[in-house]
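Trainee: I would like to go through the labels attached to this model and hear the reasoning behind each one.

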Amino acid sequence: MRIGKILGIPIYLHSTWVIIFAANTYLLKEQFANHPGWSPAQQWSVAVFTSVLFFASLLFHELAHSVVAQHYKIRVLSITLFIFGGVASIERDPSKAIQEFNIAVAGPLASGFLAGVFVGLALLFPSNETVATLSDWLWKTNAMLAVFNLLPGFPLDGGRIFRAIIWGATKNFSRATRIAGGSGRLIAYAMILVGGFAVFKGLVVPGLWSVFIGFFLLNAAQESIAQVAIRENLSGLRAADVMSHEVPTVGRAISLEEYGTEVLRTGRRCHLVITDDRLVGMMNVHTLNSVPRGEWAHNSVQAVMIPRERILWATPDEPLLGLLERLLTADINQMPIVSGSDDGAAQIIGMVSRDSILRVMQTRSELGPLTAGAASK
Ligand SMILES: [Zn+2]
């Protein structure tokens, strides 16, 4: 659910956020129940207010990351609050270690700053019980957030700081990610173990919480390591290396029914649409499926195809990693490879599909040592 926009960044609440907001408010209310002078209504309202300020603190933390990212011209796509806190998603990895360091360190600094602000509030209004109670909880929580996030394991901020330092020292992004991801995995396992032990000792809620966060971190750490593996597997490869030279074509006038028959007969999922040897568009199974089956007989390929000007192209020497990212971003399965566009007569020389990229990745990871040797040449 989108709740607004700050600094041009859309802010979202994930559906799981409702659970954590309710649970957090309830636990706070229980904590405030031993306040002698407070009615239940007062306990609830202070609990809700404290909870809101807590999530505002998380948002502030993510905004701190975002402002620094934007300073480096990295677009921030969104900030989402969900069950394990907040996450700012940025369009790309920083290109320099120092940028990653500064983006990462801004979050814990912001939480530390807020801890200071709430300590200040408590000192400024010592006689106001509501302010005292609320700021006491909030300064501790923000301080804890700052410290927890500084643990040196990916994907925590401390892990990013750690990666930035190794990256800066070794100039090797993949190695830095693997090391920070590895320590992230250790921290995750520790949290799962400690949480399990706490549950065993009767501290069920905090124990389970620690286990859940541990699994969440473990997953994210593994994903970052896998991403680096993809990057390495595809390094040095270009579109021409994996493209298939066969470019199936169909005429624009055939009906979708006939096109469906052609797809079923050959198993080919994507065709260029040609008329008088001229390219007019592209047709594939996905586009075919967007039309209800009952209408296949009286619709032509021309009516639903992706028109020529909306087809995404690649050149034979485009790096494969970038091409895969473009395929995933546009949510398409294949892209025509075009050469010789300089003389005006662009020619389609092949197609690259997600499948062919996956195949080469798989093969390269099976022949691991060979790949490493080849890459170091
Ligand atoms: Zn952070």
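Trainee: What makes the pair of Phe173 and Thr177 a polar contact?

Mentor: This is a predicted model, and the distance is computed from its atoms. The backbone oxygen of Phe173 lies 2.8 Å from a polar atom of the Thr177 side chain. The cut-off for a polar contact is 3.5 Å, with one atom able to donate a hydrogen and the other to accept it. The value of 2.8 Å falls within that limit, so the pair counts as a polar contact.

Trainee: Why is Thr177 called buried?

Mentor: Its relative accessible area is 1%, and buried means under 20%. Thr177, therefore, is buried. The residue sits in helix α6, which spans residues 173-200. Beyond its neighbours within four places in sequence, Thr177 is in contact with Arg163, Ser224 and Val228.

Trainee: How do you know that Asn24 is buried?

Mentor: The same cut-off of under 20% applies. Asn24 has a relative accessible area of 13%, so it is buried. Asn24 belongs to helix α1, residues 15-32.

Trainee: Which residue makes a polar contact with the side chain of Asn24?

Mentor: The partner is the side chain of Ser51, at 2.8 Å. Ser51 is also among the residues that Asn24 touches, together with Phe54, Phe55 and Trp137, when residues up to four places away in sequence are not counted.

Trainee: Where does helix α1 lie with respect to the strands?

Mentor: Helix α1 lies across β2 (9-13) and β3, and runs at about 40° to β3. Those strands belong to an open sheet of 4 strands in the order β1-β2-β3-β4, with mixed pairing.

Trainee: What makes β1 and β4 edge strands?

Mentor: β1 (2-6) and β4 (85-90) each have a single partner strand, so each has one side without a neighbour in the sheet. From one strand to the next, the twist averages 20°.

Trainee: How do you know that β3 and β4 are paired?

Mentor: Pairing takes at least two bridges between the strands. Strand β3 (residues 76-82) is joined to β4 by 6 bridges, so the requirement is met. The two run antiparallel. Phe82 has Gly85 in β4 as its bridge partner.

Trainee: Which strands make up the other open sheet, and in what order?

Mentor: The order is β5-β6-β7-β8, 4 strands with mixed pairing. The edges are β5 (249-251) and β8 (306-307), each of which pairs on one side only. Helix α9 (residues 256-266) packs on this sheet and touches β5, β6 (270-275) and β7; the direction of α9 makes about 130° with that of β6.

Trainee: What makes the pairing in that sheet mixed?

Mentor: β5 and β6 pair in the parallel sense over 3 bridges, with Val250 and Val273 as bridge partners. Strand β7 (residues 278-284) and β8 run antiparallel and are joined by 2 bridges. Met282 stands opposite Ile306 in β8. Both senses occur in the sheet.

Trainee: Why is Cys270 called buried?

Mentor: The relative accessible area of Cys270 is 5%, under the 20% cut-off, so the residue is buried. Cys270 is in strand β6, where 5 of 6 residues are buried. Among the residues that Cys270 touches are Pro248, Tyr259, Met282 and Gln334.

Trainee: What is the bridge partner of Gln334 in β10?

Mentor: Ser353 is the partner. Strand β9 (residues 334-339) and β10 (residues 347-353) pair in the antiparallel sense over 6 bridges. In β9, 5 of 6 residues are buried.

Trainee: Which residues supply the protein donors of the zinc ion?

Mentor: His61 and His65 each give NE2, and Asp157 gives two OD entries; the donors lie 2.0 to 2.6 Å from the ion. Donors must be within 2.8 Å of this metal, and that range satisfies the limit. The spacing along the chain is H-x3-H-x91-D. His65 in helix α2 (residues 40-71) and Asp157 in helix α5 (residues 157-170) are 92 residues apart. Both His65 and Asp157 are buried.

Trainee: Why is the zinc arrangement called irregular?

Mentor: Four donors count as tetrahedral if all angles lie between 85 and 135 degrees. The angles here run from 55 to 148°, so the tetrahedral label does not apply. Square planar needs opposite donors over 155 degrees apart, and 148° does not reach that, so the arrangement is irregular.

Terms used
Residues are numbered from 1 along each chain as its sequence is written. This is a predicted model: local features need pLDDT of at least 70, side-chain atom pairs count only at pLDDT 80 or more; totals for chains, interfaces and linings use all residues. Side-chain values use heavy atoms; hydrogens and water are left out. Contact means heavy atoms within 4.5 Å. Axes are lines fitted to C-alpha atoms, for helices over the stretch in contact, and angles run from 0 to 180 degrees between N-to-C directions. Donors are N, O and S atoms within 2.8 Å of the metal (3.2 Å for Na, K and Ca); water is not among the atoms, so sites may look incomplete. Four donors count as tetrahedral if all angles lie between 85 and 135 degrees; four count as square planar and six as octahedral if opposite donors are over 155 degrees apart and all others between 65 and 115; anything else is irregular. Buried means under 20% relative accessible area, exposed over 50%, partly exposed in between (1.4 Å probe, protein chains only).
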